[in-house]
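The following exercises introduce the structure shown below. Each task is followed by a solution in steps.

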Amino acid sequence: MVAILLLTHGASLQRVLAEPVPVPTDLTWHVEQATDNMVRWTVRMSGFDPVKEVREGGHTIPMDMTHNVGRAIDGLLKAESVTGKRTPPETLKTLRGVLFATLDNEAGFPATYDPNLKKKACSAHNIREAVQALLELAMRRDDQQATERLNKLLNTLLEITDEDG
C-alpha cells in the first residue's frame, strides 16, 4: 500500500491509500513507452516551417533543438530493432525536416537562431547528436540526403581541426 497526500479544492490534505501500479519488467514495454512519448512530442512540432524557424528564430525551435531532435531520431530508429515496430512516417518526416533545417548552412554544422546574437549560431554540444541522427538515417533508412549532410559536417570538422584539436 502506498500513501498519497492529495491537496483538495478546499485546501485540506487528504490521505489516500492506493495500490502501486505494476510496471512490467519486460524491456520492450519500456522502450515502447519511451518511443510513444517521442512520437507524441513530435506531433507538437508538425505544421510549422522548420527552415523559417531556424533562420529567423521563433518559439518553436530553441537553441538545443538539434540536440533533442537528434536524440529522438537516434532513439526511435534504434528502438525499431527492439520492438519490431516502425516509427510513424510523419514523425520521422517532421524530425528529419527540423534536423536538416539546422544543418543546411555553409559549414553543415547544427545551427539555430540565437536571439541574443541576433543570428544563427552553432552550439558544439549539439554536433554529436546531429552526427548520430544522420548516421542512423543513413544506416537504417539508406537516406542519401542524410549521408550527404553527414559527410559535409564531418569534412568541415576535419578541416577546422588539427593534431592539437
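**Exercise 1: The largest pocket**

Task. Identify the residues that line the largest pocket in this predicted model, and describe the lining by element and by class.

Solution. Step 1: The lining of the largest pocket consists of Glu32, Thr35, Asp36, Val39, Leu76, Ala79, Glu80, Thr83, Lys85, Arg86, Thr87 and Pro88. Step 2: Two or more of these lining residues come from each of α1 and α3 (65-83). Step 3: Sorted by class, the lining holds 4 nonpolar, 3 polar and 5 charged residues. Step 4: The volume of this pocket is about 160 Å³.

**Exercise 2: Two helices that cross**

Task. Describe how helix α1 and helix α4 cross, and state which residues meet.

Solution. Step 1: Helix α1 spans residues 27-43 and helix α4 spans residues 89-103. Step 2: Their axes come within 10 Å and cross at roughly 65°, and the crossing is left-handed. Step 3: On the α1 side, Val39, Trp41 and Thr42 take part, and they meet Thr91, Thr94 and Leu95 of α4. Step 4: This contact comprises 3 nonpolar and 3 polar residues, with no charged residues. Step 5: Val39 appears in the α1 side of this contact and also in the lining of the largest pocket.

**Exercise 3: The whole chain**

Task. Summarise the protein chain by its secondary structure, burial and contacts.

Solution. Step 1: The chain contains 6 helices and 4 strands. Step 2: Read from the N terminus, the elements follow the order β-β-α-α-α-α-β-β-α-α. Step 3: Of its 165 residues, 37% count as buried. Step 4: Among contacts with a separation of 6 or more, 59% involve residues 24 or more positions apart.

Conventions
Residues numbered from 1 in each chain as written. Predicted model: local features only at pLDDT ≥ 70, side-chain atom pairs only at ≥ 80, totals over all residues. Heavy atoms only, no water. Axes fitted to C-alpha atoms, helices over the stretch in contact; angles between N-to-C directions. Left-handed = near helix turned anticlockwise from the far one by under 90°. Contact = heavy atoms within 4.5 Å. Nonpolar A, V, L, I, M, F, W, Y, C, P; charged D, E, K, R; others polar. 1 Å grid on protein atoms, 1.4 Å probe; cavity = no way out; pocket = protein on both sides within 12 Å on 5 of 7 lines; lining within 4 Å. Points joined across faces, edges and corners; volume = space filled by probe spheres on them. Buried < 20%, exposed > 50% of the residue type's maximum accessible area, 1.4 Å probe, protein only.
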